[in-house]
Amino acid sequence: MTKFYAKGLILALFAFVGFTQQPTKNGLPVQTDDNGGLFLPDGFEATVVVDSLPGRARHIAVNANGDIYVKARFARDKDESVIALRDTNGDGRADIIKRFGGLTRERAYGTAMRIYKDYLYFSSELLVYRYKLKPGQLVPDSPMEVILTDDHKHGMHEHIAKPVTFDNDGHIYVAFGAASNGCQPTNRTPNMAGIDPCPMLEDHGGIWQFDANKPGQTQKDGRRYATGLRSVVAMDWNPADNSLYAVQHGRDDFLMLWAEKYSPWESAVLPAEELFKVKDGMNGGWPYCYYDQVQGKKLLNPEYGGDGKLVGRCGDYEKPLIGFPAHWAPNDILFYQGVTGAANSFPDRYKNGAFIAFHGSTNRAPYPQAGFFIGFVPAKKSALSTDWEVFADGFAGVDPIANVSDAVYRPMGIAMGPDGSLYIAETEKGKIWRVTYKGDKQNFGTTQLAQMEKRKSMANIRNPDPIADNLDRGKPVAGGKVYGIYCSACHQRNGLGDSQRFPPLSGSEWVTGDKKKLITVVLKGLEGPIEVKGQSYNNAMPQHSFLKNEDIAEVLTHIRQNFGNTSDAVSADEVNEVRRAISPPEPAKRKSNLKSKK
C-alpha cells in the first residue's frame with residue numbers, strides 16, 4: 001500500500017466518521033435525515049408517513065386497519081375538518097389523502113380526534129362530532145352527528161379547544177377552557193386584582209362529563225367532573241387504573257402583569273404545566289393558585305395577593321403528580337398499551353406509561369423558547385411515576401430557539417397504531433412520523449436511554465441560566481422595554497407571531513394600514529377571530545390603555561418601521577386624539593410595568 005493511498009484512506013475514514021458521528025459542542029449527535037430528523041432512544045426508528053398536509057394537523061387517531069385520521073388545524077370550509085390517510089402499497093407512506101367532516105370554517109383550535117367503540121369523534125372550537133366507522137371505508141358514508149355544542153353566547157375565545165377522551169362506562173369527557181389568564185375584570189391588565197370568587201368557574205375552567213352516545217347535547221346536559229383547570233388540551237383515560245389524566249397549561253405573563261414581583265427569569269420558568277390524576281370533584285386551584293415546580297409548592301397567584309412565596313388557601317387544592325417547566329404547552333397525552341407479540345410494539349417498560357406532546361413555548365423571552373419534544377412518564381403500580389424522560393426530540397431543528405417561528409416543527413398529536421407503533425403529528429407543516437422499535441426488547445433499559453437523558457441539557461429543555469442564557473444580555477432590547485414586556489411574548493422578538501394564536505406584525509394590514517384603527521386596537525384590545533394576511537387567528541389582544549401616550553407612540557412607530565415594514569411614524573398627539581375619542585375608563589390610573597426586574 002503506497003503512502004499516498006494509505007493517507008487517502010485514513011482521510012476518507014475520518015471524513016466518514018465525522019459525517020456520521022459529528023458531535024455538537026455539547027457532545028450530542030447532530031441532526032440528520034435519519035429517523036425523519038428525530039432523536040430517539042437506541043433501538044427505535046422513525047419513518048415519515050406524510051411530509052405535509054393541507055390544513056396541517058392537530059390530534060390524530062389510527063384505526064384497527066391502519067387508516068390514519070387527522071384533525072385539520074385549519075378548515076377553510078365545511079367538509080374539511082378531518083384528513084384521512086391510507087397506505088395502499090405497504091411502503092409506510094400515505095398515498096391516499098381525503099378530507100371530510102365539519103359544518104363550518106374553523107380557526108386553528110379544532111382539536112380532538114379519537115376512535116371509541118367504532119365511532120370517530122372529532123371537534124371544532126365549538127362542536128364535538130362523530131361518525132360511525134365501517135370496515136374497509138376510509139371516508140365513512142354514515143351520517144355525521146353533533147354530540148355536543150358549546151352554546152355560550154360569547155362564542156369564540158382563547159382556550160376554546162375541545163379535547164375529548166372516554167372512560168369504560170360510556171362517558172365522554174370534554175374540557176372547557178377559561179377565557180382568561182387570571183380572572184381579572186379586564187383580562188391581562190397589569191397590577192389588577194382577580195375577581196373572588198371567580199364566576200368563570202361555573203361553566204369554564206374545568207372538565208365536564210357527558211353521555212358519549214347521545215347527540216345534541218349542550219354543556220347543561222353534562223356534569224362538572226373537575227374544576228380549577230385554566231386550559232386543558234391533553235387528556236386521556238388510563239385503563240390500568242381506570243382514571244382520567246390531564247395536563248394543564250399554566251397561566252402566563254408574570255413579567256408583563258406583575259414585573260415588580262417577578263423577574264424575567266421567573267416569568268420564563270414559572271408557573272408549572274401540571275400533570276394531574278383527575279379525580280371526580282377535583283379542584284386544581286385556578287385562578288387563585290399556581291404550582292411552583294422549583295419550590296414544590298402551590299402558591300397564591302399575584303391577582304389574589306401572592307408574592308411568589310405565600311401559600312395561603314392554596315394548600316387546600318390538588319397538587320400535580322409532576323410540575324413541568326412553564327409554557328411548554330402540553331397538547332396531547334397517550335397512555336401506551338402496546339400489542340402483545342407485535343414486532344413493532346415497544347419494550348415492556350413503556351406499557352401503561354404516558355407519552356406527552358409538548359408543543360413548545362411562545363413567551364419565555366428574553367430566554368430561549370422551550371418544549372418542542374415528546375416526553376414520557378413511566379408507569380408505577382398501574383398509575384404514573386413522578387419521573388419523566390425525553391422520548392423524541394429534534395422537531396424544532398434549531399438550538400437555541402429564540403422565536404417560536406424559528407421552530408421547523410412543533411409536536412402536537414400522538415396515537416398508537418394497531419401494531420403498537422407510535423404516530424406523531426405536528427402543526428407547522430402537517431408532518432406525521434411513525435415510530436417503531438427494532439432493537440432487543442429483552443435488554444432495553446438504562447444504556448439505551450442514556451443518550452436521551454443527555455438531551456435534557458439542550459436549551460429547549462433545561463432551565464435557562466439567569467445570566468448566560470439571557471438572549472438580550474449585553475445588548476439593547478429591540479423596540480425598547482415597551483415592546484419587550486408587552487408585545488414580544490405574543491408577537492415574538494422577530495415580529496412573526498406563532499402561526500396560530502398570535503398574528504405576524506410583518507406586512508400585516510392591521511399594522512401598516514390605518515393608524516387610528518391600530519391605535520384603537522392597542523387602547524381597547526381585541527376579542528374573537530381575525531384575519532391577517534389571509535390566515536385566521538383567535539386569541540385575545542388585551543387592552544393597553546394603561547400605557548402612556550408616548551409609550552404607545554414609541555412602540556407602534558417601532559412596529560410600523562421594522563419587521564420589513566416601512567410605514568410612517570405614530571405620534572403621541574395621534575394616540576391622545578384616539579384616546580379622547582374612545583374615552584376608556586380611567587386610562588391613566590393603571591400602573592404600567594416598565595420598571596421590570598433585571
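Helices and strands, as I shall use the words, are DSSP runs numbered from the N terminus, with at least four residues for a helix and at least two for a strand. The model before you is a predicted one.

With those terms in place, I begin with Asp95, which sits in the loop joining strand E5 (82–86) and strand E6 (96–100). Is Asp95 buried or exposed? Its relative accessible area is 37%, and because that value falls between the 20% and 50% limits, Asp95 counts as partly exposed. Beyond its neighbours within four places in sequence, Asp95 is in contact with Arg86, Asp87, Thr88 and Asn89. Met412 stands 317 residues away from Asp95 in sequence, and their C-alpha atoms are 22 Å apart in space.

I turn now to the interior. The largest nonpolar core comprises 33 residues, and Ile519, Val555 and Leu556 are among those with the most contacts inside it. Helices H2, H3, H5, H8, H9 and H10 each contribute at least two residues to this core. The greatest share comes from H9, with five residues. Leu556 is in contact with Leu518, Ile519, Val522 and Val570, leaving aside its neighbours within four places in sequence. A second core, separate from this one, has 25 residues, including Val48 and Tyr409.

Finally, helix H8 (515–524). Its buried residues are Lys515, Leu518, Ile519, Val521, Val522 and Leu523, and they pack against helix H7 (509–512), H9 and H10. At the start of H8, the backbone nitrogen of Lys516 has a side-chain oxygen of Asp514 within 3.3 Å. Just after H8, Gly525 adopts a positive phi of about 80°.

Methods
Residues are numbered from 1 along each chain as its sequence is written. This is a predicted model: local features need pLDDT of at least 70, side-chain atom pairs count only at pLDDT 80 or more; totals for chains, interfaces and linings use all residues. Side-chain values use heavy atoms; hydrogens and water are left out. A nonpolar core is a set of buried Ala, Val, Leu, Ile, Met, Phe, Trp, Tyr and Cys residues joined through side-chain atoms within 4.5 Å. Buried means under 20% relative accessible area, exposed over 50%, partly exposed in between (1.4 Å probe, protein chains only). Contact means heavy atoms within 4.5 Å. A polar contact is a pair of N or O atoms within 3.5 Å; within protein, one must be able to donate a hydrogen and the other to accept it, and residues adjacent in sequence count only if both atoms are side-chain atoms.
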